[in-house]
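Visitor: Please give me a close look at a single part of this structure, and place that part within its chain.

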Amino acid sequence: MNTILFYSTLTLYLVATICYMAYLLKPRPILGRAAHWLIAGGFLLHLAFTIARYFEAGHTPITNLHESLSFFSMTIIGVFIIFERKYHVFILGSFVTPLALLLMLASSQYSSVIPELPPALKSKWLFIHTTLAFLSYATFAVAFGAAIMYLIQERFLKKKRLGSLYQKLPSLDMLDDINYRCLTLGFPLLTVAIITGAIWAETAWGTYWSWDPKETWSLITWLIYAALLHGRLTTGWRGRRAAYLSIVGFFILLFTFLGVNLLPGQSLHSYERLLGGKYR
Amino acid sequence: MNIVVVGLSHKTASVEIREKVAFAPTRMEKPLTELVALPDIAEAVIVSTCNRVEIYASTHDAAGGMARLKRFLADFHGISLDSLEPHLYSHHGEAAIRHVFRVASSLDSMVVGEPQILGQIKTAYGYAAEFRSSGIILNRFLHKAFSVAKRVRTETGIASSAVSVSFAAVELAKKIFGDLSDKTVMLIGAGEMCELAAKHFLNSGVRGVMVSNRTFERAEKLAEEFDGRAVRFEDLFDHLHKADIILSSTGAPHFIIGARDVEAVIRRRKLKPMFFIDIAVPRDIDPKVNDVDNVYLYDMDDLQGVVASNLQQRAEEAKKAEGIVDQEIGQFFKWLSSLEVTPTIVALRSRFEEVRQAELTRTLAGWKELPPDGQKRLEALTQAIVNKILHTPTSHLKQTGQGGRTDLYVDALRQLFELETEQPQEEDLGELEE
């Protein structure tokens, strides 16, 4: 059942992404609408998959790479749908859905066996901490898509090459605004995610902060976005500079999410370690 | 029934000629009633815009009808036909249909794709409807033309990009700022282009206008005209940061705004974007300004480049539009020819014959003790009834066919008896209310 839900979601995302890509090439409104409903349908299936998995496992399905990648993908699509509806820009999908699709494809490569969770981690904090973290990741992913669109559109306007892609991309102002909204939404989410993480760490491991690689990199990510938000609010960093920082921030975020697993030093957050159940 | 078109346009006549034959929109009753009073002319619509004057009419005699329309145009405006004739074009049948579809779709316009012409034809049709000079043929014809134009507009990108320098500037501003309603435009210097562009920006809803000029009185006058604010030229850089869009067209022989100036201004604005439009030749603004972050500078050449590429794009879209027109002509022409008398009589007869045969077969099938010559007699009887019934309408149709309004009868007959014709859909009748 879960497998069917997972692959149906993957298929809908795939078709929707193809539609969004086609929309990039041919500005038929029907393509945009079709893509929008496909992705919305995919999201509902994805939500159903996640909930089913939650009940099967007895905890938030976020404890191995298969689950986490899928969860990340789902939050991206959820946040994206909200922004797409708010701003009425289908073309945002052409830049965001491929990312979610890639995450799903990556997720499908990992074992979907439900891991046995050590008792220390079985707590409501698992749900709160991880959901908040992934929601913030997702808004930054949308900001990343908007930033790429901004840079493309900005280049067209500066170089005075006003082709068909230029016609289709929204105004710089709107793209910058999406970026800003994502930041003002994502940053508090990330902050609270880190705080709840610290509280949970205290209850589970007895210390708020242990400079675990994941914690360190989360802090770096947080600092980048804090700098961007600060720059925006005080000196009016906007446009290109904000776009570049959003892109840099997102790559660091991706590293925080995935790269930490690859670091030689063992992270408490590493998915293998999580399952190994050997803590200090 | 035939559709004919007689007229002239920017392609065949200079403005001196066009204005001589133009019809005043407030006085359409007289020409329209005179037109339909002419022999041969059954219905008429007059389209009179600054770029074209055309009469669309339905007639039984295409050649005679066209000649009459030409004569009418000359006589009505009191000019000699000889001097007018070389500028006139006339079409009938399929060519006339194609012409009107193309005009309505803005394929024949001076600026291909400009949207006004459709509205102008709708207005012209409105007059014809008001003064009852339009009937079944032109009604359907023009509605068809409107729906063709609508298809062209939605299915091709023919009208999707700006083709004048000032519109191109407005579109660029929209791509930079999105909503213009909280933006301020500053005019530096005064020139026709500059004023025109400022008007376009005002029409697009910008919040305010500032005007700066070397002669302050001139600035004040212009500011008043735009309901804006005058700024002394010496104080320009104290006010520049308040402007989002800057239109410059001074007569200065050198740059009046340099990259350094703009860097200072944009810092003062907390990096809020600025859009400089330099329509002066020689240029007013140093091209290096375009390299400043969040600043966009377009000069006259850039804007003309935008227009040229848009025009090229329109030309490509126009090809698609011609294809749509071709498709629709066939459909409409089918309906038009269905209004001919002879095929209608044939169709009517065969419909009656169908009924007669069906009823006869049914009766004969259940009739066991039919006398030997019974079948023959019944055949003769039913045949006679059908012939008698059809005689009067048929001869009426044939008579009116010599010059009356057969199309009305034919259309009514076809609808009453559901004789097969491909009817154009009525989906666009509501369009006029737009």
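**A sheet in chain B**

Guide: For a compact globule of 434 residues one would expect a radius of gyration near 22 Å, but chain B has 32 Å; the radius is taken over C-alpha atoms, and the globule rule is 2.2 Å times the number of residues to the power 0.38. The model is predicted, and local features need pLDDT of at least 70, side-chain atom pairs count only at pLDDT 80 or more, while totals for chains, interfaces and linings use all residues. Residues are numbered from 1 along each chain as its sequence is written, and chains are lettered from A and ligands numbered from 1 in the order in which they are written.

Along its principal axes, the box filled by the C-alpha atoms of chain B is roughly 115 × 55 × 30 Å. Of the 434 residues in chain B, 41% are buried (20 or more other C-beta atoms, placed from the backbone, within 10 Å of a residue's own). Contacts (C-beta atoms, placed from the backbone, within 7 Å) often reach far along chain B: among those between residues at least 6 apart in sequence, 72% join residues at least 24 apart. Chain B contains 16 helices and 10 strands, which are DSSP runs numbered from the N terminus (helices H or I, at least four residues; strands E, at least two).

The part to examine is an open sheet of four strands in chain B, in the order S2-S3-S1-S4, with antiparallel pairing. Strands pair if DSSP finds at least two bridges between them. At the edges lie S2(B), residues 41-48, and S4(B), residues 89-92, each of which pairs on one side only. From one strand to the next, the twist averages 15°.

One pairing can be followed in detail. S2(B) and S3(B), the latter covering residues 52-59, run antiparallel and are joined by seven bridges. One bridge links Ser48(B) to its partner Val53(B) in S3(B). A helix also belongs to this picture: H5(B), residues 94-104, packs on the sheet and touches S1(B) (residues 2-9), S3(B) and S4(B). The direction of H5(B) makes about 50° with that of S1(B); axes are lines fitted to C-alpha atoms, for helices over the stretch in contact, and angles run from 0 to 180 degrees between N-to-C directions.

Finally, chain B has a neighbour. The contact between the chains takes 17 residues from chain B and 14 residues from chain A. On the side of chain A that touches chain B, the elements giving two or more residues are H5(A), H7(A) and H9(A), and the largest share, three residues, comes from H7(A).

Notes:
Contact = placed C-beta atoms within 7 Å. Buried ≥ 20, exposed ≤ 12 C-beta atoms within 10 Å, placed from the backbone.
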